[in-house]
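Visitor: Could you take me on a close look at one small part of this model? I'm new to this, so please go slowly and then show me how that part fits with the rest.

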Amino acid sequence: MSAVDLLQLSVLIPLLAAAGIGLTGKHQNLRESVSLIAGTLLFASVCNLYPVIMAGQVVELMWLEVLPGLALAFRVEPLGLLFALVASGLWIVTTLYAIGYMRGHGEQNQTRFFAFFAISIAAVMGIAFAENLFTLFVFYEILTLCTYPLVTHAGTDKAREGGRVYLGILLGTSVAFFLVAIIATWLLAGTLSFQPGGVFSGDTPAGLLSLLLVLYVFGVGKAAIMPFHRWLPAAMVAPTPVSALLHAVAVVKAGVFVLLKVCLLIFGLETLREIPATQWLLYLAGASILLAAIVAMRQENLKKRLAYSTVSQLGYITLGALLATSAGITGSAMHIVMHAFGKITLFFCAGAILVAAHKTEVGQLRGLGRRMPITMGAFLVASLCIIGIPPTGGTWSKWYLLLGTLEAGELGLMALLMVSSLLSIGYLLPIPLRAFFSDALPADTGDTSVAVREAPWPSLLALGITATGCVLLLIYPDIIYQLIKAGI
Amino acid sequence: MLSHLPILQVILPLVAAPSCMMIRRANLVWFFAMLVSTAALVVSVLLLQQVLDTGPISYRLGGWEAPWGIEYRIDLLNAWVLLVITGLGTAVLTAARVSVQREMDDLRQTVFYSLYLLCFAGLLGIVATGDVFNVFVFLEISSLATYALIALGRDRRSLWAAFQYLIMGTIGATFILIGIGFLYMMTGTLNMADLAQRLPEINSSNTVLAAFAFIVVGVCLKLALFPLHMWLPNAYAFAPSIVTAFLAATATKVALYLLVRFIVTVFGVDFSLTSLPLQSLFIGLGLMGVFVASVVAIYQVDIKRMLAYSSVAQVGYMVVGIGISSVVALQATLLHLFNHALMKGGLFLALAGLVYRLGSSRIDAFNGLGRTMPWTMGAIVVGGISLIGMPLTVGFVSKWYLITAAIESDMWFVALLVVLGSLIAAIYIWRLVEAGYFREAPVARAATVGEAPLSLLVPTWILIGANIYFGIDTRLPVEVTGAAAQYLLGGIQ
């Protein structure tokens, strides 16, 4: 099979899977095996692209040209491949988890759920492999639209209210800023294709580029830079597997990935460094990191706390991209992977706690560690990964990010990153520690008839896998590092 | 037979219109009207094919030679517009049966189809003919039929709306007639090609200038260009749903065609845009139309009226394209003519479905519509997305060309304002989404209301589907309009 076919398949497999899921909807086990098989096939084809890209080959694919110069086209480049690898790999794990969660929680409309899940993955693949901004924008919007039914899955008023904020902010920013920025890019540069070193010629006025950069940073609402972050906490009404894959991995990472790609391949690092707006946007990203971390500390609801933690961590990635140094970009791209593994594990744990112990608030988790040791253990490991201390992979990305701030001579931002790491210790670590070392709540100890046990085994297996991943990434970061190096 | 296509295009519906009165049974009349309009569609397809193959067709009515007799002249421009009108007219008519049944009694239904075909014939006649007096005659035929069609609305206010339009329309038509009279006085001919040849020699005369002014203002009245649009919102809001869809998809398009025809072919771009300050006037009025009408649309309670204001805004975009007056800009105008017909046709048909079930098109009728009428609501959303101009819909294609044209002519602010205008459209479309998906339907309604009947839904979705199809496979509209714009402005650019 040629590399182009693999690329074609990467986008089509999840779409076919969605059709398959729709057709086999009546038979649960058959339907879930469609998801799992499609996930495996997708991961395999993305993996097979890895050696091809590392060998420096160009893999391109053109679907159709809508208007002269505006084509739906794909090209594999290393950063996109990295994103696709993470998303497709974690799709399998999430499917596994979702099987346990959805059945354990007795959710309705599971066929619709799994089908839209698959379409979302197809959109993510489209974003990862997009050859130009036009294609990217199309899949970006598709991703917003087809995750909406997942967010509002419960169908309650609260879910719809959350969905309203979700759609409103993501569509609003993309139409008002992102699309405008894309059109302006076309008019200034005459192309929308991603190119190493950027597309703008040297004589483009810096003021215009500044404006453009601001439009991009705010337009990509999925990157959840404050003040356009509110959709993310609002989206927490979704079932936990959705929060896990989409709002820790696919959707938010699509956002920061787009920003990374725009910084690297539309502006180019040289240009980016010279734009006056970059400095201000760096401070904005810094503020976003710090404020979101502070807000996270005050959240009682576990999923809300994790959501604000995501907003804060996404700020790291944006900040790294805007630093416009090679270490900054490296750290930024690495954090996409590390945070993905860490946060998905945390959400898996939150979901497992909900299914097994029916608890959603942070205060209720005291003493739970003794009855759900695997879940809380995984929670501990993942927390360390987010904070960025050994023995987890998060260490590497924070390391490179700090290096990046040094390279750029931004000592203030470096201090800020340190402080926010301390804050993340403050809002994450107490949860597993209290679960293990505090006494259980009196209400729980008295009631022994409903013994709390671990979540269903598929869910447990899934969170075990991702937690192990967090640790393995400390030992084997090289695969990722090589890919990023090839990308820069 | 094939050589008589140009006249068949017009004469078929014209003769069929009175025949409707003899059939009387509503369903039969509808079927008969369908046959006629489908035949007209086939004729227009054949015509376009013929023009693409062999170039412009000239047809002499009754065999009289051109400057003396009436000539029907079909070039790429009107072949394209004919196709748009017959296509949309047929699609709307397909949906008409149930909606008309619901909104009118038996006798009126027969009258409705008769008037519909009459209006159809009038519009086609305006487009097909190459004779300016003939234009006036067909303009009157279609206008009179339109007034009556609007007055068929079941709300008594439709009478007032029809009367208002009658006054404004008559003023417009009179202006056009005065202009034509002046032209005849100065040149002694009514044939467009002939006029085009003779006018450049005498175009410094005040009479020609006056003729030009009368004609442009008259046509702009029919076009509902801001600030001559006052008749349109009422007419659209109170007319029967099907009539609104039909008018929105065809009537303003024909007026736009007339404007292009007079400005570009008859008077010539050199005269009308370059030596007169019309260029900036059109761009200014067009953009003001876009903004004023879009903002007003946000505050409308009746969604039919909201979309009517949106139509005024869209006319603004088309006129901006004429104002920029480059090949690409004219192409953008012609593209938007087609694209806007698809959007508004689809949207108003979807509204017809809503009115059919709920008897209202007010914003509160939309509450909870995503659950009770998912397909109708879906059509409105997709049509709305196209109206905003998102990629992969037709709305994007024409806006893209318009922006490109503005930049090529170094009009940055025009490009910027076009983009901003689309954002306002996003606001009023979002209102519908908000009501349809995020508000609850009244309890009493939820149980009783179902999806619109299939015979309404299918044509709606054909038009909405066309919005997406031609947004992805853009070859047909882009190639034809590109060639037409090149043909019209060929000498200059």
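Guide: Sure, let's go to a loop. A:P227 sits in the loop that runs between α7 (206-219) and α8 (231-234) of chain A. Keep in mind that this is a predicted model.

Start with the bond just before that proline. A:M226 and A:P227 are joined by a cis peptide bond, with omega at about 5 degrees. Now step back along the loop to A:A224, which is also found between α7 and α8 of chain A. The phi of A:A224 is near 55 degrees, and that is a positive value in a residue other than glycine. Here's some background to hold next to those two details: most peptide bonds are trans, and most residues other than glycine have a negative phi.

Is A:A224 buried or exposed? The cut-off for buried is 20 or more other C-beta atoms within 10 Å. A:A224 has 30 C-beta neighbours inside 10 Å, so it counts as buried.

Now hop over to chain B and look at its loop between α8 (206-223) and α9 (231-238), where B:P227 lies. B:F226 and B:P227 are joined by a cis peptide bond, and omega there is about 0 degrees. B:A224 is found in the loop between α8 and α9 of chain B too. Its phi, near 65 degrees, is positive in a residue other than glycine. B:A224 is buried, because 28 other C-beta atoms lie within 10 Å.

Okay, let's zoom out to the chain around the first loop. Chain A has 20 helices and two strands. Its radius of gyration is 21 Å, close to the 23 Å that the globule rule gives for 488 residues, so chain A is as compact as a globular protein of that length. Taken along the principal axes, its C-alpha atoms fill a box of roughly 75 × 55 × 45 Å. Of the 488 residues in chain A, 60% count as buried. One of the buried residues is A:A356, which has 20 C-beta neighbours inside 10 Å. You can find A:A356 in helix α13 (residues 326-357) of chain A.

What about the two strands? Strand β1 (residues 60-67) and strand β2 (residues 70-75) of chain A run antiparallel, and six bridges join them. Across that pairing, A:E65 stands opposite A:A71 in β2(A). The hairpin has two residues between the strands, and A:G69 takes a positive phi near 90 degrees there.

β1 also takes us to the place where the chains meet. There, 13 residues of chain A are in contact with 15 residues of chain B. On the chain A side, β1, α5 (133-151) and α6 (157-189) each supply at least two residues. The largest share, seven residues, comes from α6(A). By class, that side of chain A divides into 10 nonpolar, no polar and three charged residues.

Let's finish with a helix pair in chain B. Helix α3 (residues 76-103) and helix α21 (residues 475-489) of chain B pack at an angle of about 145 degrees, with their axes 8 Å apart. The residues making the contact include B:L76 and B:W80 of α3(B), along with B:V480 and B:Y487 of α21(B). That contact has eight nonpolar residues, one polar and no charged ones.

Definitions and conventions. Residues are numbered from 1 along each chain as its sequence is written. Chains are lettered from A and ligands numbered from 1 in the order in which they are written. This is a predicted model: local features need pLDDT of at least 70, side-chain atom pairs count only at pLDDT 80 or more; totals for chains, interfaces and linings use all residues. Axes are lines fitted to C-alpha atoms, for helices over the stretch in contact, and angles run from 0 to 180 degrees between N-to-C directions. Helices (H or I, at least four residues) and strands (E, at least two) are DSSP runs, numbered from the N terminus. Two residues are in contact if their C-beta atoms, placed from the backbone, lie within 7 Å. Ala, Val, Leu, Ile, Met, Phe, Trp, Tyr, Cys and Pro count as nonpolar, Asp, Glu, Lys and Arg as charged, and the others, Gly among them, as polar. Two strands pair if DSSP finds at least two bridges between them. A residue is buried if 20 or more other C-beta atoms lie within 10 Å of its own, exposed if 12 or fewer, and partly exposed in between; C-beta atoms are placed from the backbone. The radius of gyration is taken over C-alpha atoms; the globule rule is 2.2 Å times the number of residues to the power 0.38.
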